[in-house]
Amino acid sequence: MAVKGLGKIDQQYDGSKLRIGIIHARWNRSVIDALVNGAIERMKSLGVKEENIIVETVPGSYELPYGTKRFVEKQKKEGKPLDAVIPIGVLIKGSTMHFEYISDSVTHALMNLQDKIHLPVIFGLLTCMTEEQALARAGIDEHHTMHNHGEDWGACAVEMAVKFGP
Ligand SMILES: O=c1[nH]c(NC[C@H](O)[C@H](O)[C@H](O)CO)c([N+](=O)[O-])c(=O)[nH]1
């Protein structure tokens with residue numbers, strides 16, 4: 001029996017009154033697009049209206065923490081506050097230490113951002129050693145060895161917003 005992973009959803013949460021943001025990096029775009037679509041489709045299946053799923057982009061994963069903070073602030077200023085936000089990025093190890101530094105710093109920054117903006121910030125950063133790992137976690141590898149992690153992030157955003165939203 002598989003142990004790892006979110007497993008069966010123990011309860012469906014009603015997303016019909018929620019407004020959720022997705023902000024994604026544009027590096028490794030084919031994987032990003034699959035993850036974003038997975039999150040969107042799962043949130044829609046939980047009742048979130050398509051017009052209440054707001055998508056923004058930043059150049060790369062390093063820009064996610066600041067971009068997420070400003071994205072949330074601008075939505076609030078425009079009178080359309082978000083109930084949760086899902087930053088999505090895909091980091092794939094290269095031949096330098098760039099991957100390690102960005103992965104570690106962005107992870108901590110996104111974690112700490114929740115207390116600053118008082119909003120659930122879902123961890124949508126894939127930190128992969130190979131392209132194959134990234135494709136598998138977006139559910140688009142040749143053999144579909146894994147489910148699309150973006151779906152988990154969408155479900156997580158709805159649950160956290162319903163339970164602990166602003
Ligand atoms: O989102 C990513 N950004 C990456 N770099 C760009 C970085 O996030 C910033 O956009 C850039 O350094 C400018 O600030 C990546 N790599 O370098 O490998 C990567 O794999 N994924």
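Is C128 buried or exposed? Select C128 in the viewer: with a relative accessibility of 1%, C128 counts as buried. The structure on display is a predicted model, and this tour proceeds from the cysteines to a strand, three helices and a set of salt bridges.

**The cysteines**

Keep C128 selected and add C156. The sulfur of C156 is the closest cysteine sulfur to that of C128, yet the two are 18 Å apart, too far for a bond. C156 is accordingly in no disulfide. The number of disulfides in the structure is 0. Colour C156 by accessibility: its relative accessible area is 30%, so C156 is partly exposed.

**Strand 1**

Next, select residues 20-25, which form strand 1. How many residues of strand 1 are buried? The count is 6 of its 6 residues, and the strand is mostly covered. Rotate the view to inspect each face in turn. On one side lie I20, I22 and H24, on the other G21, I23 and A25, and all of these are buried.

Now add residues 53-58, which are strand 2. The two strands pair in the parallel sense, over 6 bridges. To see one position of this pairing, label I22 and V55: I22 of strand 1 stands opposite V55 of strand 2.

**Helix 1 and G38**

Select helix 1, residues 29-45, and then G38, which is located in this helix. G38 has a relative accessibility of 6% and therefore counts as buried. Which residues are in contact with G38, apart from its neighbours within four places in sequence? They are N148, G150 and E151.

Add A138 and draw a distance between the two C-alpha atoms. G38 and A138 are 100 residues apart in sequence, but their C-alpha atoms are 8.1 Å apart in space.

**Helix 5**

Two of the contacts of G38, N148 and G150, lead to the next stop. Select residues 149-164, which make up helix 5 and number 16. From first C-alpha to last, helix 5 reaches 22 Å, close to the 22 Å expected at 1.5 Å a residue.

Look at the N-terminal end of helix 5, which N148 caps. A side-chain oxygen of N148 lies 2.7 Å from the backbone nitrogen of G150.

Among the buried residues of helix 5 are H149, G150, D152 and W153. Further along the helix, G154, A155, A157, V158 and A161 are also buried. What covers these residues? The cover includes strand 1 and helix 1, both already visited, together with strand 3 (84-92), strand 4 (124-128) and helix 4 (131-137).

**Helix 3**

Move to residues 98-117, the 20 residues of helix 3. At 1.5 Å a residue this helix should span 28 Å, and its end C-alpha atoms are 28 Å apart, which agrees. Show the side chains of F99, I102, S103, V106, L110, L113 and I117, the buried residues of helix 3. They pack against helix 2 (64-77), strand 3 and strand 4. Just after the helix comes H118, whose phi is positive, near 55°.

**Salt bridges**

A search of the whole structure finds 9 salt bridges. Begin with E73 in helix 2, which takes part in two of the examples shown here.

- Select E73 and K69: their closest N and O atoms are 2.7 Å apart, and the two residues form a salt bridge. Because they are 4 residues apart in helix 2, about one helical turn separates them.
- Select E73 and R70: this salt bridge has its closest N and O atoms 2.6 Å apart. Both residues lie in helix 2, 3 residues apart, about one turn of the helix.

A general rule helps in reading these pairs: an α-helix has 3.6 residues a turn, so residues three or four places apart point the same way.

Are these residues buried or partly exposed? E73, at 28% relative accessibility, counts as partly exposed. K69 is partly exposed, with a relative accessible area of 27%, and R70 is partly exposed at 33%. Salt bridges that share partners also join E41, K44 and E50 into one network.

For the last stop, select K44 and E50 from that network. K44 forms a salt bridge with E50, and the closest N and O atoms are 3.3 Å apart. K44 is partly exposed, with a relative accessible area of 29%.

Definitions and conventions
Residues are numbered from 1 along each chain as its sequence is written. This is a predicted model: local features need pLDDT of at least 70, side-chain atom pairs count only at pLDDT 80 or more; totals for chains, interfaces and linings use all residues. Side-chain values use heavy atoms; hydrogens and water are left out. The expected span of a helix is 1.5 Å times one less than its number of residues. Buried means under 20% relative accessible area, exposed over 50%, partly exposed in between (1.4 Å probe, protein chains only). Contact means heavy atoms within 4.5 Å. A polar contact is a pair of N or O atoms within 3.5 Å; within protein, one must be able to donate a hydrogen and the other to accept it, and residues adjacent in sequence count only if both atoms are side-chain atoms. A salt bridge is a side-chain nitrogen of Lys or Arg within 4 Å of a carboxyl oxygen of Asp or Glu. A disulfide is a pair of cysteine sulfur atoms within 2.5 Å. Two strands pair if DSSP finds at least two bridges between them.
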